[in-house]
Amino acid sequence: MKQLSFTQEYLLCALSPKGTLPMLRQTEILTCLVTGGLLELLYSGTISIDAKNKVLVEKELERNQFHLEPLYDTLKGSKPMKVYDLAAKYVFSSHKLPDHYLQALCLPMAEQQGVFPKTGGLFHNRPVYVPNQEEVEKIVEKLRAVFLEDGTVDDDTLVLGALLQKSGLIKNYFSKFESDSLNRRIQEIKESEAGSLIKKMIDYVDTLIAVMASVGSSAGS
């Protein structure tokens, strides 16, 4: 299977066996998917983030990043927006915006049988993507080898582990002891001389999830 981006790997781990995002953690998962996409675009120099936390488009999307096209189009088709405002568009919008993004992330995986497209949802009229559990296990084993067996941690794997940790999905795949060990390892790396961009984006995830959850609970009360 062709190597997936860390955002795609995260999504593969986040999808339920029915091919949907778990409702109880949808805010956190969508926030992490937006953050992951932003990090990929930042790494390639496609976007930048200024001192006011506004996202600026710097160049055209690269050919190997078409799975991020909906996110990129959202940024390119508007005035520079803050990271929070971008995440909010996906977390609190109608189904159309996040569904389009999920489709773009999943279709390349479907071509390699990483996911299996079906029709589902409440009225059985929405596309869903059932994860290939064998591929999910490969991702989990990679994380276990890197974080729990003192392997070398590359940037992509660090981001993937952090996204799973921050969205609470890590407990789906690791015991409490393993989760605690993984969390400690991520914290150690954050406090080391690792890239400041990764630290900043992981902090974004923390802040965004807290704010989104707060706004979401206020809207529902």
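**Close-up views of a predicted protein model**

**View 1. A nonpolar patch sits on the surface.** Y84, F92 and V211 come together here as a nonpolar patch on the surface, with about 230 Å² of accessible area between them. A patch is built from residues with over 30% relative accessible area and no salt bridge, where nonpolar side chains (Val, Leu, Ile, Met, Phe, Trp, Tyr) are joined within 5 Å and like charges within 9 Å. A salt bridge is a side-chain nitrogen of Lys or Arg within 4 Å of a carboxyl oxygen of Asp or Glu. Accessible areas come from the Shrake-Rupley method with a 1.4 Å probe, and for residues only the protein chains shown count as cover. F92 belongs to the loop between α4 (83-91) and α5 (96-111). With a relative accessible area of 38%, F92 is partly exposed; buried means under 20%, exposed over 50%, and partly exposed lies in between (1.4 Å probe, protein chains only).

A word on reading these views: this is a predicted model, in which local features need pLDDT of at least 70 and side-chain atom pairs count only at pLDDT 80 or more, while totals for chains, interfaces and linings use all residues. Residues are numbered from 1 along each chain as its sequence is written, and side-chain values use heavy atoms, with hydrogens and water left out.

**View 2. The whole protein sets the scene.** The protein has 9 helices and 5 strands, which follow the order α-α-β-β-α-β-α-α-β-β-α-α-α-α from the N terminus. Helices (H or I, at least four residues) and strands (E, at least two) are DSSP runs, numbered from the N terminus. Of the 221 residues, 48% count as buried. About 11,400 Å² is exposed by the protein, and carbon and sulfur atoms supply 52% of that area.

**View 3. Y10, L11 and L33 meet many partners in the largest nonpolar core.** This core has 63 residues, and Y10, L11 and L33 touch the most other members. Helix α2 (residues 26-43) gives the most to this core, with 9 residues. A nonpolar core is a set of buried Ala, Val, Leu, Ile, Met, Phe, Trp, Tyr and Cys residues joined through side-chain atoms within 4.5 Å. In soluble globular proteins, nonpolar side chains tend to be buried together. Which residues does L33 contact, leaving aside its neighbours within four places in sequence? They are T7, Y10, L11, L21, Y101, L102 and L105, where contact means heavy atoms within 4.5 Å.

**View 4. Helix α1 is mostly covered.** In helix α1 (residues 6-14), 9 of its 9 residues are buried. Among them are F6, Y10, L11 and C13, along with the polar-lettered Q8 and E9. Their cover includes α2, α5, β4 (115-120), β5 (126-131), α6 (133-148) and α7 (155-166).

**View 5. Three strands make an open sheet.** The 3 strands stand in the order β1-β2-β3, with antiparallel pairing. β1 (47-49) and β3 (81-82) are at the edges, each with a single partner strand, so one side of each has no neighbour in the sheet. Strand β2 (residues 54-57) pairs with β3 over 2 bridges in the antiparallel sense, and two strands pair if DSSP finds at least two bridges between them. Look for V55, which stands opposite M81 in β3.

**View 6. Q165 and I189 are buried in two helices.** Q165 lies in helix α7 and is buried, with a relative accessible area of 18%. Leaving aside neighbours within four places in sequence, Q165 is in contact with I170, N183 and I186. I189 is found in helix α8 (residues 176-190) and is buried as well, at a relative accessible area of 15%. The C-alpha atoms of I189 and V153 are 8.8 Å apart, with their positions 36 residues apart along the chain.**View 7. Salt bridges join side chains along helices.** The count comes to 9 salt bridges. In helix α6, K138 and E135 are 3 residues apart, about one helical turn, and the closest N and O atoms of their salt bridge are 3.3 Å apart. Is K138 buried or exposed? K138 counts as exposed, at 52% relative accessibility, whereas E135 counts as buried at 14%. R144 and E141 also meet in a salt bridge (2.8 Å, N to O), and E141, R144 and E178 are linked in a network of salt bridges. In helix α8, D180 and K176 are 4 residues apart, and their salt bridge has its closest N and O atoms 3.0 Å apart.
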